[in-house]
Amino acid sequence: MAWDFSTEPEFQEQLDWVADFCVNEIEPLDLVFPGAAWSRNPKARALADPLKQQVKDRGLWALFLDKDLGGPGFGQLKLALLNEILGRYRSAPVMFGTAAPDTGNMEMLAAYGTPEQKERWLTPLLNQEIFSAYSMTEPQGGSDPNLFKTHAVRDGDEWVISGEKWFTSAGERADIIFVMCTNGMFVVPHETPGVEIMDFPRLHNHIRYNNVRVPADHLLGPEDGAKVLAQRRLGGGRIHHAMRTVAQVRLAFDMMCERALSRESHGKVIAEHQMVQEAIADTYAEINMLRLLVLWTAWTIDNSSTREARTQIAACKYTMGKVLREVSYRALHMMGSLGTTNLTPLQAMYAGAPTMAIADGVDEVHKVTVARNVLKGYQPHEGLWPTEYIPAKRDQARKKFEGLIAADPELAAWADAAVRHAERG
Ligand SMILES: Cc1cc2nc3c(=O)[nH]c(=O)nc-3n(C[C@H](O)[C@H](O)[C@H](O)COP(=O)(O)OP(=O)(O)OC[C@H]3O[C@@H](n4cnc5c(N)ncnc54)[C@H](O)[C@@H]3O)c2cc1C
């Protein structure tokens with residue numbers, strides 16, 4: 001019987017260390033030197049690098065990579081428990097080598113890269129000597145990959161890439177960009193002539209690829225394999241976002257509960273007002289529903305594969321945005337006027353909820369995936385009545401007792417009366 005909700009003591013010890021490390025080392029650095037973890041400024045790096053080394057020394061670096069892909073092989077369940085802590089602190093995912101978009105790109109490289117490609121890009125990505133971005137979405141269409149136009153043409157020993165992408169997160173500061181073309185996934189070094197970064201949007205870049213020439217060995221995976229690689233990349237990314245969202249909503253909940261016990265109104269602390277209690281009770285249940293969905297999905301991935309867990313991952317994807325929106329709104333509301341400012345994390349958290357519902361594929365598309373896959377397990381009913389139409393079911397069931405009912409009129413009469421009684425409700 002393996003339905004066990006406990007964490008093994010050795011790993012719990014690691015998690016306790018992580019929680020402590022985040023509070024005492026990462027959060028102070030984030031507050032005083034925001035962005036130091038990914039900065040190229042040598043002085044800022046000198047503050048962050050020793051912390052990363054401590055994480056490595058504890059064997060907690062880049063936990064997202066499974067053993068067959070060259071990682072420590074802790075699995076997704078342990079990663080989920082780790083991310084439930086890290087997601088609370090801005091730079092913690094970078095400090096632990098588990099930050100998007102690098103994680104998904106590394107997964108792709110680990111799964112589809114040749115030994116040379118891994119040595120050239122995966123190793124430095126893992127060591128955070130370089131950073132990456134992922135260029136898939138195009139201005140004319142994001143949800144439907146059939147609308148993408150960016151294309152590569154083979155010219156001797158090179159590929160020539162032409163097209164336009166946008167919302168390439170961190171494209172501007174990435175050393176290499178994974179560019180999804182209609183005929184393959186390519187790794188494009190940022191400095192390659194023809195890579196043109198537009199002025200807007202600033203963080204999630206609009207990039208033109210103007211006849212960008214890359215050597216033939218910059219094709220990752222098979223020719224025409226971009227959609228398969230993208231699925232692989234995005235599946236992992238979505239569940240990692242969901243794990244970190246659990247951390248965010250728990251932070252909002254902590255703030256909500258502290259506030260409920262601290263603030264007075266109309267003669268009592270607001271925790272004693274029933275509508276506040278309702279908000280706390282609903283939030284408690286919603287967070288745990290999301291958390292269990294995420295942990296169950298992580299467990300499924302560990303016990304099968306990302307592909308097998310596709311329906312669950314999609315369900316996590318649209319549930320996390322909804323729970324984040326509801327919980328952050330309630331916490332913000334309970335904080336009163338202070339909640340509407342940027343002096344607590346709540347306003348940014350609430351503003352981030354729509355992003356969760358759009359980035360990595362809009363929720364609608366994931367709901368379609370879930371509905372389609374779930375419906376594969378069902379059949380239309382035969383005849384006029386639904387399977388659970390009670391009178392038809394009862395007629396069917398009576399056949400099982402036909403002999404008994406025919407032989408015992410008293411029992412038959414009792415059965416008729418009992419049914420009439422049950423029908424009256
Ligand atoms: C913060 C952020 C970071 C991002 N980072 C990256 C990145 O690093 N790399 C990258 O390539 N992309 C990135 N994206 C882009 C993201 O993947 C796309 O925004 C997403 O796929 C949706 O595409 P779109 O914006 O063109 O929306 P559209 O496809 O135009 O969809 C708009 C709306 O149309 C409706 N809709 C669309 N399709 C359907 C459907 N099938 N059924 C029902 N309704 C539908 C929905 O209401 C949807 O919200 C990022 C986006 C954000 C917001």
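In the predicted model, Glu286 is found in helix 8, the element that spans residues 274-303. With a relative accessibility of 18%, Glu286 counts as buried, because the limit for that class is set at under 20%. Once the neighbours within four places in sequence are left aside, the contacts of Glu286 are with Val323, Glu326, Val327 and Arg330.

The chain to which this residue belongs has 425 residues, of which 43% count as buried, and its secondary structure comes to 14 helices and 10 strands. Taken along the principal axes, the box filled by the C-alpha atoms is roughly 90 × 65 × 45 Å. Among the contacts with a separation of 6 or more, 70% are accounted for by residues 24 or more positions apart. The accessible surface comes to about 23200 Å², and carbon and sulfur atoms make up 56% of that area. As to charge, the chain carries 45 positive and 54 negative charges, and the mean positions of these two sets are 3 Å apart.

Towards the N terminus, helix 1 (residues 9-32) and helix 2 (residues 42-57) have axes that come within 11 Å and cross at roughly 175 degrees. Helix 1 is therefore roughly antiparallel to helix 2, an angle over 145 degrees being what that description requires. On the side of helix 1, the residues that take part in the contact are Trp17, Phe21, Glu25 and Leu29, and these meet Leu47, Ala48, Leu51, Gln54 and Val55 in helix 2.

The loop between helix 4 (92-95) and helix 5 (102-112) contains Pro101, and the peptide bond that joins Ala100 to this proline is cis, with omega at about 0 degrees. Thr98 has its place in the loop between helix 4 and helix 5 as well, and at 2% relative accessibility Thr98 counts as buried. Not counting residues up to four places away in sequence, Thr98 touches Ala62, Leu63, Phe64, Leu79, Asn83, Leu86, Pro93, Thr103 and Arg244. One of these partners, Leu86, is 12 residues from Thr98 in sequence, and the C-alpha atoms of the two residues are 9.4 Å apart.

Pro101 is also one of the residues in contact with Ser132, which lies in strand 1 (residues 132-135). Ser132 counts as buried, its relative accessibility being 2%. Beyond its neighbours within four places in sequence, the contacts of Ser132 include Asp102, Asn105 and Leu125, together with Ala174, Ile176 and Phe178. Between Ser132 and Arg173, a separation of 41 residues in sequence goes with a distance of 8.1 Å in space, C-alpha to C-alpha.

A further cis peptide bond runs from Phe200 to Pro201, with omega near -15 degrees. The proline of this pair lies in the loop between strand 6 (195-197) and strand 7 (204-215). Ala216 is placed in the loop between strand 7 and strand 8, where a relative accessibility of 24% puts Ala216 among the partly exposed residues. Apart from residues up to four places away in sequence, Ala216 touches Arg154, Asp157, Glu158 and Trp159. For the pair formed by Ala216 and Trp159, the separation is 57 residues in sequence, whereas the C-alpha atoms are 5.8 Å apart in space.

Positive backbone phi values in residues other than glycine were computed for two aspartates, Asp224 and Asp360. In Asp224, phi is near 65 degrees, and the residue lies in the loop between strand 8 (219-220) and helix 7 (226-262). The relative accessible area of Asp224 is 58%, a value at which the residue is exposed. In Asp360, phi is near 60 degrees, and the place of this residue is in the loop between helix 10 (346-358) and helix 11 (363-375). Asp360 counts as partly exposed, with a relative accessibility of 21%.

Conventions
Residues numbered from 1 in each chain as written. Predicted model: local features only at pLDDT ≥ 70, side-chain atom pairs only at ≥ 80, totals over all residues. Heavy atoms only, no water. Helix = DSSP H or I, 4+ residues; strand = E, 2+ residues; numbered from the N terminus. Buried < 20%, exposed > 50% of the residue type's maximum accessible area, 1.4 Å probe, protein only. Contact = heavy atoms within 4.5 Å. Areas by Shrake-Rupley, 256 points an atom, 1.4 Å probe, with all protein chains shown as cover. Lys, Arg positive; Asp, Glu negative; His and termini not counted. Charge placed at Lys NZ, Arg CZ, Asp CG, Glu CD. Axes fitted to C-alpha atoms, helices over the stretch in contact; angles between N-to-C directions. Parallel < 35°, antiparallel > 145°, perpendicular 65-115°, else oblique.
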